[in-house]
Protein chains: 4
Amino acid sequence: MPTIDLNSDLAEGFGAYKCGDDDAMLAIVTSANVACGFHAGDPEIMAHVFKTAKARGVAVGAHPGFPDLWGFGRRRIPFTNGEIERIVAYQVGAAQALAAYAGHRISYVKTHGALGNMAEADRAVADAVVRAVKAVDPSLGLMTIALSEQAKSAEAANIEGIAEIYADRGYDDQGRMIPRGKPGAMITDPHAAAARVLAMVEAGALITHAGAKIKTPIRSVCVHSDSPEAVETAKHVRASLEKAGLTIVPVFPVQ
Amino acid sequence: MPTIDLNSDLAEGFGAYKCGDDDAMLAIVTSANVACGFHAGDPEIMAHVFKTAKARGVAVGAHPGFPDLWGFGRRRIPFTNGEIERIVAYQVGAAQALAAYAGHRISYVKTHGALGNMAEADRAVADAVVRAVKAVDPSLGLMTIALSEQAKSAEAANIEGIAEIYADRGYDDQGRMIPRGKPGAMITDPHAAAARVLAMVEAGALITHAGAKIKTPIRSVCVHSDSPEAVETAKHVRASLEKAGLTIVPVFPVQ
Amino acid sequence: MPTIDLNSDLAEGFGAYKCGDDDAMLAIVTSANVACGFHAGDPEIMAHVFKTAKARGVAVGAHPGFPDLWGFGRRRIPFTNGEIERIVAYQVGAAQALAAYAGHRISYVKTHGALGNMAEADRAVADAVVRAVKAVDPSLGLMTIALSEQAKSAEAANIEGIAEIYADRGYDDQGRMIPRGKPGAMITDPHAAAARVLAMVEAGALITHAGAKIKTPIRSVCVHSDSPEAVETAKHVRASLEKAGLTIVPVFPVQ
Amino acid sequence: MPTIDLNSDLAEGFGAYKCGDDDAMLAIVTSANVACGFHAGDPEIMAHVFKTAKARGVAVGAHPGFPDLWGFGRRRIPFTNGEIERIVAYQVGAAQALAAYAGHRISYVKTHGALGNMAEADRAVADAVVRAVKAVDPSLGLMTIALSEQAKSAEAANIEGIAEIYADRGYDDQGRMIPRGKPGAMITDPHAAAARVLAMVEAGALITHAGAKIKTPIRSVCVHSDSPEAVETAKHVRASLEKAGLTIVPVFPVQ
């Protein structure tokens, strides 16, 4: 019986600022990528998400980004690859400690925003992230955009890569995510998103904006948490995958 | 043959800002308390200190403080005890990961500035810090001001407390550090500091501003790094202890 | 024909984080207190609110707070009174420049959160704020909690004080706002809030939680923008005042 | 009798962090470019420099940069030109208010670090800065790198541009500053720097690394404050210009 993981970026609030409905999403997804305080997230929100995730059997990953709260980690800040290693290591460690504090355990890392976009397309950045993850804890996995340089980097370094697709993002002819703001970048209709995810999972392939299929392993589906239709989309994606006979389980089992 | 540890707060720069001479101090002390990015320190400086400390056989501890770079962690910010647990856990984890990245290992925690002053005198704050340390890694030690509430809290929680005295600070009649800015708070003469430390270590007691002795175990001596005379004072303290027959070794051996 | 001003704290988002519906509130209130980037607000949000306020004839004030984005300016950070002068001056200037950039003009200052609470009850803090305002621009007014030390400080310094009441906050027997979290602190029902405001404006007095009246001039009514019922409450307050024959106009006319 | 202005970037510390010797430099230069809290500087340091500058007849300018304390404003952060307008306006206003608070008055603006480098070479960025300055206060001048796009932008917009040369930086064949880290970028010998400045001022031209002369008006000479030899270099530059018969006066007289 085939299985699939459902992941979402959570703990993206900061202090009094809310961002998405973490508790609602934790009732739907099986893996939570937790912001680590650089582009979003604070120790209070992180600890809350770790505790709730543990109670619900949701796996947790560290979700490091650039130190840019104002830009929500979406600005490409010119850090050197060495600096990227250190900011990733720092954030992974902070997340590990707060997970332990909350009775949970980080099992993987996923890069956020501009850092993720850079690691998707630039092997040197991808390698920097992989070096940081291995140095901190070589047992950690790395969630990677399907077909990305980061997926190749994880494989080359012999750390477990988890290829993921996005429920709400379009892909160009090369299988790269269409940048935000360009036509076809965002899929906002929950039903369209759910149907599209199912088609990709069943095909074992990315389906591009133009309709072409690019073969790739798919182990997880990312549903975003910060749009108005986020919870609705996540529910539809989950329901549609379950209806098609897939079991929704975390890649990394929660003990 | 009696031994004593010599510790110092290091990695207190930030980006382009320098604070003290970390490399010079790492040639003198046996334990380095490393700032974790909230009141001082950044991932670059932290990684550099961890790497240098490892090369020199200097033990390293996490040195968490309040998130207050502007105030250098010296303002008493009204965090709840629960929030204190989470900011301590976060910073300890960040330090652990960067230490691992640099090939070293955190062996203890020491609180900084206002957080340290609060934990010195307020048992509830001390207990919050201890809970955070135990939750993150119960094998970690806690460096504590001699005779403080934090020393009692560590003992009650069965984590290893390392009682320390300050080379450059005066003590009041109760054995509390005299607050900065008050008469007798700072000892700036390197020779006076060295003589005073030796007297306390040999007496196994704090010596107050008024000259009284208060018995206490003393396992480490803190020499500050951020004054103009810091390196000179540290050298004198070390030389004076060695001349008196003490061996200067880290409390936590570096493998 | 009697007039009253309606004010609200706006521009309280930060980057991707939204806080309240600034545009909806700017269609209801006559004065907007604009966050200045220390506890909330960023240059983008500030410029947007100034521009929209100008287009709608809404007066604008600077709304400085403690530099504490994580705590939303609600933590009492132990700044000296001198430091308070400088952080207030800095923020007022930033707001003045962005208002000019957007074609508008700051006409008053109102302190936010913990800084406002301290200036309400502590004359020395109130005087520090007043000194900063006078030094930057003596033509600026100061919006003050009715009956507060800040109201007295403004009067003594001969700057224009605008006494305000809160639509959604209860008052204790001394006329001080009941602290958040205590019984009677918050009035969440829009109709109750509107009725209460009208009663106070018509009586020319604060009405305490216990029902007593304390005479005070009332020149403005503050409606908060960051609760789920904020827009609804503001509409009810405005409608109820208008129905009773009051004209809703800014204290400082917009040219 | 010919005159020349001597300017320096001051107030570049932050909280407990020192950067250069502001007081020593204020005894040598005639114009102080004051950091505004985004890449360096805080309200305390800014107010101190404004007060001291006023007492010594030193003109003051706002010195805005990117919001990047960790990177000291030297990272090229991808802000849009619109965002650059708003961050410049914000910082200029903050500096104006603190100058007023300290009894002084901002007379010009000079961009810092990466923002300055971008405005040197990119006309669209230069125009964004000029729009911000004009919107906040059209009477303000703009200190600009000689021969830069920013110099042209100021001229086109009819605001007063003050072309400056750098005492400690080399120029390439096009008259652009050689980037830090490349050969010839920095002139560290105080006597060489002084001789070079005098040669350029007397020639009315930049002198490139290769020895070519490029004609340009020169109204100010920038001496940096943050290197170990900064004060020495500034003294030599001043003495050498005075010996050659130039009067050192601020471009904008201090009343």
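A residue counts as exposed when its relative accessible area is over 50%, as buried when it is under 20%, and as partly exposed in between. The exercises below use this rule on a predicted model.

**Exercise 1. Decide whether Asn158(C) is buried or exposed, and describe its backbone.**

Step 1. The relative accessible area of Asn158(C) is 70%. The cut-off for exposed is over 50%, so Asn158(C) is exposed.

Step 2. Asn158(C) sits in the loop between α6 (149-157) and β6 (161-166) of chain C.

Step 3. Its phi is positive, about 65°, although Asn158(C) is not a glycine. Most residues other than glycine have a negative phi.

Step 4. Turn to chain B. Asn158(B) has a phi near 65°, again a positive value in a residue other than glycine. Asn158(B) is found in the loop between α6 (149-156) and β6 (161-166) of chain B, and with a relative accessible area of 69% it is exposed.

**Exercise 2. Find which rotation relates chain B to chain A, and describe the interface between them.**

Step 1. A turn of 180° with a shift of 0.0 Å along the axis lays chain B on chain A, with an RMSD of 0.0 Å. This is the relation of a two-fold axis.

Step 2. Both copies use the same surface, since 100% of the contact residues of chain B recur in chain A. The contact involves 22 residues of chain B and 22 residues of chain A.

Step 3. Between them, chain B and chain A bury about 1,800 Å², and 67% of this is on carbon and sulfur atoms. Arg86(B), Tyr90(B) and Tyr101(B) supply 40% of the area that chain B buries against chain A, more than any other three residues.

Step 4. Now count the polar links. There are two salt bridges between chain B and chain A, and eight residue pairs are in polar contact across the interface. Arg86(B) forms a salt bridge with Glu44(A), with 2.8 Å from N to O.

Step 5. Assign the contact residues to helices. In chain B, α2 (43-56), α3 (81-101) and α5 (123-136) each supply at least two residues of the side that touches chain A. The largest share, 13 residues, comes from α3(B).

Step 6. Sort the residues on this side of chain B by class: 15 are nonpolar, three polar and four charged.

**Exercise 3. Describe how chain C is placed against chain A, and state how many salt bridges lie between them.**

Step 1. Chain C is superposed on chain A by a rotation of 180° with 0.0 Å of shift along its axis, at an RMSD of 0.0 Å. The C-alpha of chain C nearest the axis belongs to Tyr17(C), 3.1 Å from it.

Step 2. The same surface serves both copies here too, as 100% of the contact residues of chain C recur in chain A. In numbers, 17 residues of chain C are in contact with 17 residues of chain A.

Step 3. The area buried between chain C and chain A is about 1,200 Å², 75% of it on carbon and sulfur atoms. Phe14(C), Tyr17(C) and Trp70(C) supply 59% of what chain C buries against chain A, more than any other three residues.

Step 4. The count of salt bridges between chain C and chain A is zero, while six residue pairs are in polar contact. The side of chain C that touches chain A has nine nonpolar, four polar and four charged residues.

**Exercise 4. Work out which salt-bridge partners within a chain are buried and which are partly exposed.**

Step 1. Side chains of opposite charge can pair when their charged atoms come close. Over all chains the count is 44 salt bridges.

Step 2. Asp68(A) pairs with Arg75(A), their closest N and O atoms being 3.0 Å apart. Asp68(A) has 7% relative accessibility and counts as buried; Arg75(A), at 11%, is also buried.

Step 3. Glu164(A) and Lys110(A) meet in a salt bridge of 3.0 Å, N to O. Glu164(A) lies in strand β6 (residues 161-166) and Lys110(A) in the loop between β4 (106-109) and α4 (113-121) of chain A, so the pair ties together parts 54 residues apart in sequence. Glu164(A) is buried at 1%, and Lys110(A) is buried at 2%.

Step 4. In chain D, Arg74(D) forms a salt bridge with Asp226(D), the closest N and O atoms being 3.6 Å apart. These two residues are 152 residues apart. Arg74(D), at 39%, is partly exposed, and Asp226(D), at 33%, is partly exposed.

Step 5. Return to chain A to finish. Salt bridges that share partners join Asp9(A), Lys110(A) and Glu164(A) into one network.

Technical notes
Residues are numbered from 1 along each chain as its sequence is written. Chains are lettered from A and ligands numbered from 1 in the order in which they are written. This is a predicted model: local features need pLDDT of at least 70, side-chain atom pairs count only at pLDDT 80 or more; totals for chains, interfaces and linings use all residues. Side-chain values use heavy atoms; hydrogens and water are left out. Copies are superposed by least squares on the C-alpha atoms of residues with pLDDT of at least 70 in both. Contact means heavy atoms within 4.5 Å. Buried area is the accessible area (1.4 Å probe) that two parts lose on being put together, summed over both. A salt bridge is a side-chain nitrogen of Lys or Arg within 4 Å of a carboxyl oxygen of Asp or Glu. A polar contact is a pair of N or O atoms within 3.5 Å; within protein, one must be able to donate a hydrogen and the other to accept it, and residues adjacent in sequence count only if both atoms are side-chain atoms. Helices (H or I, at least four residues) and strands (E, at least two) are DSSP runs, numbered from the N terminus. Ala, Val, Leu, Ile, Met, Phe, Trp, Tyr, Cys and Pro count as nonpolar, Asp, Glu, Lys and Arg as charged, and the others, Gly among them, as polar. Buried means under 20% relative accessible area, exposed over 50%, partly exposed in between (1.4 Å probe, protein chains only).
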